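Visitor: Before we compare notes, could you put the sequence and the model side by side, so that each answer can be checked against them?

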Amino acid sequence: MQITRQRPETRRGAAENFTGTVWLDELAAPPAPSRLRMFNVHFAPGAHTAWHRHPHGQVLHVLEGEGLVQRRGGAVEPIRAGDTVWIEPGEWHWHGAGPRTFMTHLAVVEAAEDGTTADWGAHVTPEDHPA
Ligand code: MN
């Protein structure tokens with residue numbers, strides 16, 4: 001066994017890309033030719049991402065709590081510990097905690113050739129997600 005990163009540095013989610021309190025641990029970013037990027041993302045109640053998309057899609061695996069995910073044009077869907085969600089390449093979506101629950105998920109993506117893991121859009125509005 002090789003431990004590649006014993007203590008990830010926890011970073012705050014940037015205000016332009018997230019609403020509420022979000023903390024991210026980058027668990028894995030192995031060297032090329034791998035483009036795997038794996039994060040553990042912790043959302044406080046009511047916190048969530050802005051609308052965004054991933055060039056090669058994204059796997060979300062909920063570790064703790066209850067949360068929400070919405071794909072553009074679709075309903076807000078509940079997710080909870082044990083659920084695994086696949087987001088299609090280029091599909092606009094957002095994800096985060098429920099209004100009164102914490103939520104932690106693993107987020108696994110493949111970066112684009114230029115290193116991009118996400119394209120960010122507008123913040124989620126009350127019309128998208130009535131609280
Ligand atoms: Mn995403």
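**Strands, metal site and core**

Visitor: In the hairpin of E7 and E8, which residue takes a positive phi near 85°?
Guide: The hairpin has 4 residues between its strands, where strands are DSSP runs of E of at least two residues, numbered from the N terminus. Strand E7 (residues 58–71) and strand E8 (residues 76–80) run antiparallel and are joined by 5 bridges, pairing being called when DSSP finds at least two bridges between two strands. Within that pairing Gly67 stands opposite Ile79 in E8, while the residue with the positive phi is Gly73.

Visitor: At what pLDDT do side-chain atom pairs count?
Guide: Residues are numbered from 1 along each chain as its sequence is written, and side-chain values use heavy atoms, with hydrogens and water left out. This is a predicted model, in which totals for chains, interfaces and linings use all residues, local features need pLDDT of at least 70, and side-chain atom pairs count only at pLDDT 80 or more.

Visitor: How many strands does the protein have?
Guide: From the N terminus on, every element in the series β-β-β-β-β-β-β-β-β-β-β-β is a strand, and along its principal axes the C-alpha trace spans about 45 × 25 × 25 Å. The count of helices is 0, and the count of strands is 12.

Visitor: How many bridges join E4 to E11?
Guide: Strand E4 (residues 36–43) pairs with strand E3 (residues 22–28) in the antiparallel sense over 6 bridges, and Phe43 in E4 is the bridge partner of Val22. E4 also runs antiparallel to strand E11 (residues 103–110), with His42 opposite Thr104 in E11. The number of bridges joining E4 to E11 is 8.

Visitor: Which residues are the protein donors of the manganese ion?
Guide: Donors are N, O and S atoms within 2.8 Å of the metal (3.2 Å for Na, K and Ca), and because water is not among the atoms, a site may look incomplete. In sequence the donor residues are spaced H-x1-H-x3-Q-x34-H-x1-H. Lying 2.1 to 2.2 Å from the manganese ion, the protein donors are His52 (NE2), His54 (NE2), Gln58 (OE1), His93 (NE2) and His95 (NE2).

Visitor: Is the donor His95 buried or exposed?
Guide: Buried means under 20% relative accessible area, exposed over 50%, and partly exposed in between (1.4 Å probe, protein chains only). On that scale His93, at 0% relative accessibility, counts as buried. His95 has a relative accessibility of 3%, and therefore counts as buried.

Visitor: What is the relative accessible area of His48?
Guide: His48 lies in strand E5 (residues 48–49). Leaving aside neighbours within four places in sequence, the contacts of His48 (heavy atoms within 4.5 Å) include Val22, Phe43, Trp94 and the metal donor His95. His48 is buried, with a relative accessible area of 7%.

Visitor: Which residues have the most contacts inside the largest nonpolar core?
Guide: A nonpolar core is a set of buried Ala, Val, Leu, Ile, Met, Phe, Trp, Tyr and Cys residues joined through side-chain atoms within 4.5 Å, and the largest one here has 16 residues. E3, E4, E7, strand E9 (84–87) and E11 each supply at least two residues of this core. Not counting residues up to four places away in sequence, Ile79 touches residues among them Val62, Leu68, Val85 and Met103. Those with the most contacts inside the core are Val22, Leu24, Val41, Phe43, Ile79 and Met103.

Visitor: In the loop between E3 and E4, where Pro33 is found, what is the omega of the peptide bond from Ala32 to Pro33?
Guide: Pro33 is found in the loop between E3 and E4, as is Arg35. The peptide bond from Ala32 to Pro33 is cis, with omega near 10°.

Visitor: How far apart in space are Arg35 and Glu110, C-alpha to C-alpha?
Guide: Arg35 is partly exposed, with a relative accessible area of 30%. Not counting residues up to four places away in sequence, Arg35 touches His56, Val109, Glu110, Ala111, Ala112 and Glu113. Although Arg35 and Glu110 are 75 residues apart in sequence, their C-alpha separation is 5.1 Å.
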